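Below is a colleague's note on the interior of one structure, set out as numbered points on its cavities and its cores.

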Amino acid sequence: METTKVVCNKEFQIDRVDSRLFGSFLEHMGRVIYSGIYEPDNKNADEDGFRQDVIDRVKEMNVTTVRYPGGNFVSAYHWEDGVGAKEKRPHKLDLAWRSIETNEFGTNEFMKWAKKTNVNPIFTVNLGTRGVEDAAHYLEYCNFPSGTQYSDMRKSHGVDEPYGIKMWCLGNEMDGSWQIGHKSAEEYGKIAAETGKVMKLIDPDIELIVCGSSLSSMDTYPEWDMEVLDKTYDVADYLALHQYYAGQEKGTKTFLAQSVDMEEYIHTIRSVAQVIKQKKRSKKDMKFSVDEWGVWAVPSNTVNNEIDEKPWQIAPAISEQIYTLEDALLFAEMQMVIIRNADAIKIACQSLLTNISACIMTEKGGGHWLQTIYYPFYYFANYAKGIVLNVSSTGPVYDCKEFNNVPYVDSIVVWNDEDGELVFFAVNRDEDNKQKVSLQLSDFKVDSVIESIGMTAADKKMTNQFQHDAVKPETVDNVKLGNGEAKVVLKPLSFNVVRLRINQ
């Protein structure tokens, strides 16, 4: 076995991890909301109709932030339809997913659910079919204390105190031709700037997220991002990036190398933001929100066919992706890319929480089970706390059709200075061989191994669909300490977490 050398020094730091990097996303799409988190007649439902089994899992996996209500759904959404007495709420056509939206679940239900799960909300306003005035009214409803039309409307709905929602997305994926109300960068930049200006007049403490490119493969990337930032730089706090990867048919080496593209995508957008900063002669550094990201396993034409076969239904089961071990490894790599850029990325939302590209799968009328991707999220959200170290990593690499010099071992190191832990996260991309890692600990004094876990499977295409614990992490004995070094052996195609106790 060749060895990958990872050199750690506490003086070489990227930044402290923002807890909002461990967010997720709920959209009115398929069974994400209805029977996903909300199912009043389910045996697991609480007094408000929320699935308690899902709430428990969300708290266990330590989700910190959730974006709502979309997604493509939001670009034709009237938020007023989802507030007030449920029996008076209209059934509407959901144009994004060609289904019927009952509006039984809306703003106040979401905020009640968010309180029970201890998550911070990110709300998205409709800049597709609506605009400045509607966004202002929605913010007034949510955040203004009282004495105005929309704040008093909220109070009449039984919510006396304002929510104080601090994070707001100005539209969703407006660069996409699929988006209802799709706009050019110039059109979107103008309306986003005006909307943001008005919203900050109402509540100066909010943070605003403007739409960047929806994928690194968009024809308008990165020109879109440059023009939007040029028009919104003064009012925006974050630029949103979305990224999904499929390509399982390309083979394991190429599939798992796609996180290299994500790294390049983020570096390019960071450069774009720096150019606009200099153009504006601004002192503000633009930050980023990767508020949709994940592995996409169902081809778009399959999703479209599902919708065509079952149009205009209530919460139809569409795009319910089942994840393999292989998918979970790319998922973990994507999460490491986000954490490696913790100096610029402050918000990230895995997409979606339940039933569609989801960590948690629910059975209508029944229980739930965990997808393979649940486990990397759990370990990052619970243990990637503190300071991301700027490590030097050298080791064996491979070439594939689309990428060259891809490291077999992809890793990050996070120093939890408060709890006295050094945590090493790694994916072994090698399908055939174990990989040896020499973790050079420099000025860290390691006391002991707190825990070492590994997740792999006999078959890279194994899922948890039928045997719900088929792919899950296990405690492993793969670490040797000595002479300022931790030697770690990684199994082929595995996700790994090594927690080391540090003497401080």
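1. Which residues line the largest cavity? In this predicted model, where local features need pLDDT of at least 70, side-chain atom pairs count only at pLDDT 80 or more, and totals for chains, interfaces and linings use all residues, the lining consists of His28, Met29, Gly30, Tyr34, Asp94, Ser99, Ile100, Glu101, Ile314 and Ala315. Residues are numbered from 1 along each chain as its sequence is written, and side-chain values use heavy atoms, with hydrogens and water left out.

2. The volume of the largest cavity is about 80 Å³, and strand E6 (residues 99-101) gives the largest share of its lining, 3 residues. A cavity here is a set of points, on a 1 Å grid over the protein atoms alone, where a 1.4 Å probe fits but cannot get out, and lining residues have an atom within 4 Å of a point.

3. The second largest cavity holds about 70 Å³ of space and has 14 lining residues, with Glu173, Cys211, Ala240, His242 and Asp291 nearest its centre. Strand E9 (207-211) and strand E10 (238-245) each supply at least two lining residues, the largest share, 3 residues, being that of E9.

4. As for packing, the largest nonpolar core (buried Ala, Val, Leu, Ile, Met, Phe, Trp, Tyr and Cys residues joined through side-chain atoms within 4.5 Å, buried meaning under 20% relative accessible area with a 1.4 Å probe and protein chains only) has 136 residues, and Trp113 is among those with the most contacts inside it. Helix H10 (residues 325-340) contributes the largest share of this core, 11 residues.

Note on methods
Buried < 20%, exposed > 50% of the residue type's maximum accessible area, 1.4 Å probe, protein only. Helix = DSSP H or I, 4+ residues; strand = E, 2+ residues; numbered from the N terminus. 1 Å grid on protein atoms, 1.4 Å probe; cavity = no way out; pocket = protein on both sides within 12 Å on 5 of 7 lines; lining within 4 Å. Points joined across faces, edges and corners; volume = space filled by probe spheres on them.
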